[in-house]
Amino acid sequence: MKNYPLNPAHGEGDKPRQHKINYAEALNEQQWQAVQQIEGPQLVIAGAGSGKTRTLVYRVAYLVEQGVDPESILLLTFTRKASREMLRRAALLLDDRCQRIQGGTFHSFANTILRQYAGHLNYADNFTIIDRGDSEDIVNMLRGELNLDKKQRRFPKKRTLVEIMSKSINTNRPIMEVLADDYPHFLDDEPQIVDLAQRYDRFKRTKGLMDYDDLLVNLRRLLTEHDQVRRKLSRQFKYILVDEYQDTNLLQAMIAALLASEHANLMVVGDDSQSIYAFRGAQFKNIMDFPKIFPNTRVTTLEQNYRSTQPILDFTNAIIASAKEKYAKNLFSEITGEQKPVYSQALNEREQSRFICQRILELREEGIPLDEMAVLFRSGWHSTELEIELNSHNIPFVKYGGMKFTETAHVKDVTALLRIMFNPFDAIAWYRSLLLLEGVGPAIAREVIDQVVEAQKGPEILASPEWSNRKISGELTSLRLLIAESTAHQFSPAEEAKRALDYYLPILKKNYDDYHKRTHDLEALVRIAERYQELEAFLTDLTLEPPENSQIDTTATDNDEKKLVLSTIHSAKGLEWHSVFLINLVDGFLPATQSLQREEDIEEERRLFYVATTRAKQQLYLLTPELERGGGMSFFDTHTVFTLPSRFIQDIEKFSELTEQWTITLKQEESETTEEKSDDGTADDGAPNFLKNITDFFNEHRN
DNA sequence: GATTAGTCGATTTTT
DNA sequence: TCGACTAATC
């Protein structure tokens, strides 16, 4: 253990220290207060764009300048992006000492600590972290052990099962309660679900696996059940900062408090109005409860906004004014600008897309770079129509949120291979890898796993005559050799990835028509592996902090080119752009249909609306299409449905004063002609009807 | 026991 | 559009 100054703020012989940074000048009064107050519990309520990150960064720098050892500062953030960004800015502000600050997401921090103390909890320190998909596969497999009456009433899907179990853990409630609150239609299945949850736990424990929730649960266990460890850690991390506190769940709040138990130097920063992760167990009441855990908490509120113009803020303030529960705050700004948020009703989704393309091109003409503009939406698939339109206008874009790189089938396949190359006793990875082989299905796969993994015989057993006489021996041998060579040599992660890829490419070509696109993804995977020394670290990061997204949906691949951002609102959190377009502001889309049942869910959707609109610095466009494809449900696919503007719009008093209403007029470019021809009126009178000719032709030439 | 075709059905957000 | 599940075929 290192020495740390007992009370660095008022250290020896105390003249005010000479600081490199002039804090009082760089910060406003509240921010400066929050930065200065380094001892004791502190809650900072930071409105959107109020310089929250800035405050954290300056505070970290201030601590270091006060002589605090950077390694005793722990900065828990929500995403790795956020943590990297903060450390980068702190280093820029002060110097490299800031790079030594400890930090990351709760999950990655838990991982680091648990690798050191796994023994205390009877885990081996090379435990594997599994992602949601793995959990689902395990649960699905275990479901077979339960003797459910076949074709009885429907038992929840694997996805739902995992959701239920996870929610029970993250909200600290028994499964019964979760079912009663959120899944009443499955209440009858409670005994089986509880049984399944126990089997799932046992399975993970015996196999040395941890899912996302286990990381938190086990860290909390470590801290509560092992007093000396808790004390040691708490003394090691003498200053703890938690970002986005409104999105922490009960477990995380407890972990933060336990870590601070020896000194209470805990600063949490958050904004209850931006809490959008309740579905994952987040409790924005954690913010309200914080002063209850630490009674002498100092509360600071940051209300000056440094991001948006006043007209935009007037609008966003009005959104949150209609929220049911919130800490009172009223954001103001000194940024000049008269442009009110623009509200426009488009005829349909297509018109909405074309309006956006047109406006984006105009803004680019005016000198706004593409990467200073973003289109936001509620769920990943809401942007499909827009993506087509962007492609046809050659507007390059990146998309955040939605299907992630590591969730695509081909990446999961290669990851599974890497996992058995790393650990030949990883049953789930075996299962997936085996099913890739020609002639191998669930039955044979289980047979192999029973011998290799369960009976602990290892992959070598597959060389025995018992297996080599089977039809499938050829396939099995190449897989066995792939693993054997990994065990025999010390390959780097990149080399391993390359070998896995070479092995996998023929399979990829056989299974997917679009294999070249997927090959790009896999080559990217190899490049990512190059950054790692250890395969274990690579695999862990892949599940814990996966790379942004897959190549599949993006157009341009030039890396330097500026790109428009498409993002789900969730993934847009913490980011900002010059101009923001919020599309599909329609009931059933922005309050999503699924959340209309319960008032708290609707309130969370409202906060989502708030988060989206507060991303805009200069210009905000709100779009409501009046006609929709019927959400893509097969029955409605060819039909359209009338939609109502989002109820959140009606909720805003003086909506028409706060916004500027635009009627969409599309310029006549080449698009004018395309519109008339390719809109769904093609089959109508007038247009030359090739289709009819063709069908006639085929009808005539039958037999 | 594996594979394939074909049907039905359901779709939020993420560490 | 995609995946999960079923029934027919190899």
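**Figure 1. Sequence-distant contacts and overall make-up of chain A in the predicted model.** Among the contacts of chain A that link residues at least 6 apart in sequence, 78% are between residues at least 24 apart. The secondary structure of this chain comprises 30 helices and 18 strands, and of its 703 residues 39% count as buried.

**Figure 2. The open sheet of six parallel strands.** Six strands, taken in the order 3-2-6-7-1-8, make up an open sheet in which the pairing is parallel. Strand 3 (102-105) and strand 8 (298-302) stand at the edges, and because each has a single partner strand, one side of each is left without a neighbour in the sheet. From one strand to the next, the twist averages 15°. Helix 2 (residues 29-36) packs on this sheet, where helix 2 touches strand 1 (42-46) and strand 8, and the direction of helix 2 makes about 145° with that of strand 8.

**Figure 3. Pairing of strand 2 with strand 6.** Strand 2 (residues 73-77) and strand 6 (residues 239-242) are paired in the parallel sense, with four bridges between them. Within this part of the sheet, Ile73 stands opposite Tyr239, a residue of strand 6.

**Figure 4. The contact of helix 10 with helix 12.** Helix 10 (residues 212-225) and helix 12 (residues 250-259) have axes that come within 10 Å and cross at roughly 35°, and the crossing of these two helices is left-handed. On the side of helix 10, the contact is made by Leu216, Val217, Leu219, Arg220, Leu223 and Thr224, which meet Leu251, Gln252, Met254, Ile255 and Leu258 of helix 12. By class, the residues of this contact divide into eight nonpolar, two polar and one charged.

**Figure 5. Surroundings of His263, in the loop between helix 12 and strand 7.** His263 lies in the loop that runs between helix 12 and strand 7 (266-270). With 16 other C-beta atoms within 10 Å, His263 counts as partly exposed. When the neighbours within four places in sequence are left aside, His263 is in contact with Ser234 and Lys238. Pro41 is 222 residues away from His263 along the chain, yet the C-alpha atoms of the two residues are separated by 9.0 Å.

**Figure 6. The surface of the protein near DNA strand B.** Of the 27 residues around DNA strand B, those that come nearest are Ser379, Gly380, Gly401, Gly441 and Ala443. Two elements, helix 19 (442-454) and helix 25 (569-572), give two or more residues to this surface, and helix 19 gives the most, with three residues. Sorted by class, the surface near DNA strand B holds eight nonpolar, 16 polar and three charged residues.

**Figure 7. Helix 19 and the buried residues within it.** Helix 19, which gives three residues to the surface near DNA strand B, also has buried residues, namely Val448, Val452 and Val453. The cover over these buried residues of helix 19 includes helix 18 (427-435). Helix 19 is followed by Gln456, a residue with a positive phi, near 60°.

How values were computed:
Residues numbered from 1 in each chain as written. Chains lettered and ligands numbered in written order. Predicted model: local features only at pLDDT ≥ 70, side-chain atom pairs only at ≥ 80, totals over all residues. Near = placed C-beta within 6 Å. Nonpolar A, V, L, I, M, F, W, Y, C, P; charged D, E, K, R; others polar. Pairing = 2+ DSSP bridges. Axes fitted to C-alpha atoms, helices over the stretch in contact; angles between N-to-C directions. Contact = placed C-beta atoms within 7 Å. Buried ≥ 20, exposed ≤ 12 C-beta atoms within 10 Å, placed from the backbone. Left-handed = near helix turned anticlockwise from the far one by under 90°.
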